[in-house]
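Colleague: Got the model open. Can you walk me through the surface, the charge pairs and the core?

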Amino acid sequence: MLNKIKEKTAVKGGLFHFKSELDKIRFWTMIGFVLVVAALAWQSDDAYHGYVMSRRLAEGQGFVYNVAERATASTCPLFSLIIALAYFITREMYFTSLAVCTIFSSLAYYIFAYKLCNTTKQVLIGFMAFVGSQAFISYTTSGLENSLLFLLSALFIWRMSRSENYNAKEMLLLALIFSLSAMTRMDSVLLFIPLIVWIYLFKRDGVSFIQAVGLGILGLMPFILWECFATFYFGFPFPNPAYVKLGTHIAQHEYYQRGIIYAIYTAMEDLVVLTAPLIYVIIAVLSKKIKYILAAAGIIVYGMYVIRIGGDFMMGRHFTNLFFISVCMAVLMFRQEDGVLRDIVKYQKWFGGVVIFSVLFAATFGRTVGMQYISGHIFGSQISDEREYYFGTTGLYNNVKSLIETGRLCVSDTWNTQATDDIRNQGVSGNIIENAAGILVYYNPDIYLNDTYSLGDPFLSKLPAKYNPNWRVGHIRREVPDGYRESIWSDKNKIKDVDLHEYYDKIRLITRGNLFNSERIKAIIDINLGKYQYLIDNYEKRQAENEEEKK
């Protein structure tokens, strides 16, 4: 009782007046969070693949990666559309995109501190977990979709926490947030599927099952409409990078192996991003409360999914939203007004202790002995701390410094421009180069650029991958067929292989033809039903036969 009185006592001091000690802690941790995010703000090269599309849309060239070719290199359409709107207003990308990411992440923390926490201990535990996580802070900016996912996850948990049973308005709102999460990144919804299914089936307040189905469909309409548009406009329901990563023919056990290594590597660099979800799952089971157990089930499913897809090459990135949700749900369990869970509050000390130990571990052993001698840098791991790699040219601090000293941003200096200089010297419209990095493409908008990783190439992405025993997640190359580069230069189909020639005709019709052409619509339907897959299979069979002859 005494603690509750202290929490509600008004606090005065200096220029600020707070209603309680809790509000004081909320305010200062909010300020601290924003300052940490701003101090370490940076941009990932991968973010610029989406920025290319955002800028082209804002400038009236269509939602495309290369001019006159409807292909998407962005896996986060909602985020890319928001960036496009912001760029349309400011006509500046670097500071605008960082501001958008910072606002989203800060709003997510605001909801956590002001809407979910009701004690100073909860705020401080969350603040320490968030600012102590290298990966989480890295992806509060970065230019990738994580910041928007943090905000949508915070909104979902907050709205869910307001009721035990849900009326039509609340059910529709939760479905809408779920839908926007799917538009931001499709696989992110795995985290919330158990909860939203439970709510729609068993926690309705005055809503019939038929009404619930209608509300669910209505809430999902943003995602459904986007999928319809994407299929019509791009010709395919999924982002182009998804086809790049799915069509590899690499054995599943190799993905599991890399996924496990990804988790180990992340644990050595940023232990708290994994231990917080783990301890939450344990406490959720001990709570015997279905809401928290289902949230834990979503976390487990998503964690298994990350392992199954081989993790990522960006340290900790795919664990950050899972981590954020774990901390938010843990705080809900520890809320003192929840009389049903009064006994579970004692586990708050467990959670806080694990957070403190994990942060200290990563800052000492993990970053020194662990990374150097157990799993990492000496042995040339293919998983990297992207912020550490790019901060020199894409970090906010360095770009502000460069702007003051030279009058220009240094982000454009990230990559060598030899490849693009060669294209201009050759007098051709573009090329398939070795590495069409996102920043390189962004700063060369006048030429056609793709590479053999094929993130923005609607044709190469559908071809079989070239197997390399040391393959890196997200970086699997395709072989460029004879005549394909000439096709890019001339804007005509000059591919020599008879089957690929026919397949490329279909791709060109879909991605470059008149949107409403009836033959194009038919080709979209046929290609998504797999009717042209035999052309790829024939090519792949010939390639295998040629390889055998060489042996």
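Modeller: Starting with the surface: Ile193, Val197, Leu201, Phe202, Phe209, Ile210, Val213, Ile217 and Ile224 make up a nonpolar patch with about 820 Å² of accessible area together. Patch members have over 30% relative accessible area and no salt bridge; like charges are joined within 9 Å, nonpolar side chains (Val, Leu, Ile, Met, Phe, Trp, Tyr) within 5 Å. Areas come from the Shrake-Rupley method with a 1.4 Å probe, and for residues only the protein chains shown count as cover.

Colleague: Which elements give two or more residues to the nonpolar patch?

Modeller: Those are α10 (193-202) and α11 (209-219). Helices are DSSP runs (H or I, at least four residues), numbered from the N terminus.

Colleague: Before we go on, what are the ground rules?

Modeller: This is a predicted model: local features need pLDDT of at least 70, side-chain atom pairs count only at pLDDT 80 or more, and totals for chains, interfaces and linings use all residues. Residues are numbered from 1 along each chain as its sequence is written, and side-chain values use heavy atoms, leaving out hydrogens and water.

Colleague: Isoleucine 193: buried, exposed or partly exposed?

Modeller: Isoleucine 193, in helix α10, is partly exposed at 33% relative accessibility. Buried means under 20% relative accessible area, exposed over 50%, partly exposed in between (1.4 Å probe, protein chains only).

Colleague: Now charges. How many salt bridges does the structure hold?

Modeller: There are 18. A salt bridge here is a side-chain nitrogen of Lys or Arg within 4 Å of a carboxyl oxygen of Asp or Glu.

Colleague: Show me one inside a helix.

Modeller: Take arginine 26 and aspartate 23, with N to O at 3.0 Å. Both sit in helix α2 (residues 21-39), 3 residues apart, about one turn of the helix. Both are buried.

Colleague: And what does glutamate 170 pair with?

Modeller: Glutamate 170 bridges to arginine 159, with the closest N and O atoms 2.6 Å apart. Glutamate 170 is in helix α9 (residues 168-184) and arginine 159 in helix α8 (residues 146-161), so the bridge ties together parts 11 residues apart in sequence. Glutamate 170 is buried at 9% relative accessible area. Arginine 159 is buried too, at 13%.

Colleague: Anything with a longer reach in sequence?

Modeller: Lysine 291 and glutamate 164 meet at 3.2 Å, N to O. Lysine 291 lies in helix α16 (residues 290-308) and glutamate 164 in the loop between α8 and α9, so this pair links parts 127 residues apart in sequence. Lysine 291 is buried at 4% relative accessibility. Glutamate 164 is partly exposed at 39%.

Colleague: Which residues join into a network through shared partners?

Modeller: Glu145, Arg185, Asp187, Asp312 and Arg317 form one network.

Colleague: OK, the core. How many residues are in the largest nonpolar one?

Modeller: It has 130 residues. A nonpolar core is a set of buried Ala, Val, Leu, Ile, Met, Phe, Trp, Tyr and Cys residues joined through side-chain atoms within 4.5 Å. Those with the most contacts inside the largest core include Phe112, Tyr280 and Phe323. Helix α17 (residues 320-334) gives the most to this core, with 12 residues.

Colleague: What is phenylalanine 323 in contact with?

Modeller: Leaving aside neighbours within four places in sequence, phenylalanine 323 touches Ala129, Phe130, Ser133, Phe136, Val272, Val273, Ala276 and Pro277. Contact means heavy atoms within 4.5 Å.

Colleague: And what lies apart from that core?

Modeller: Another core, of 23 residues, among them Phe236, Tyr243, Val480 and Ala523.
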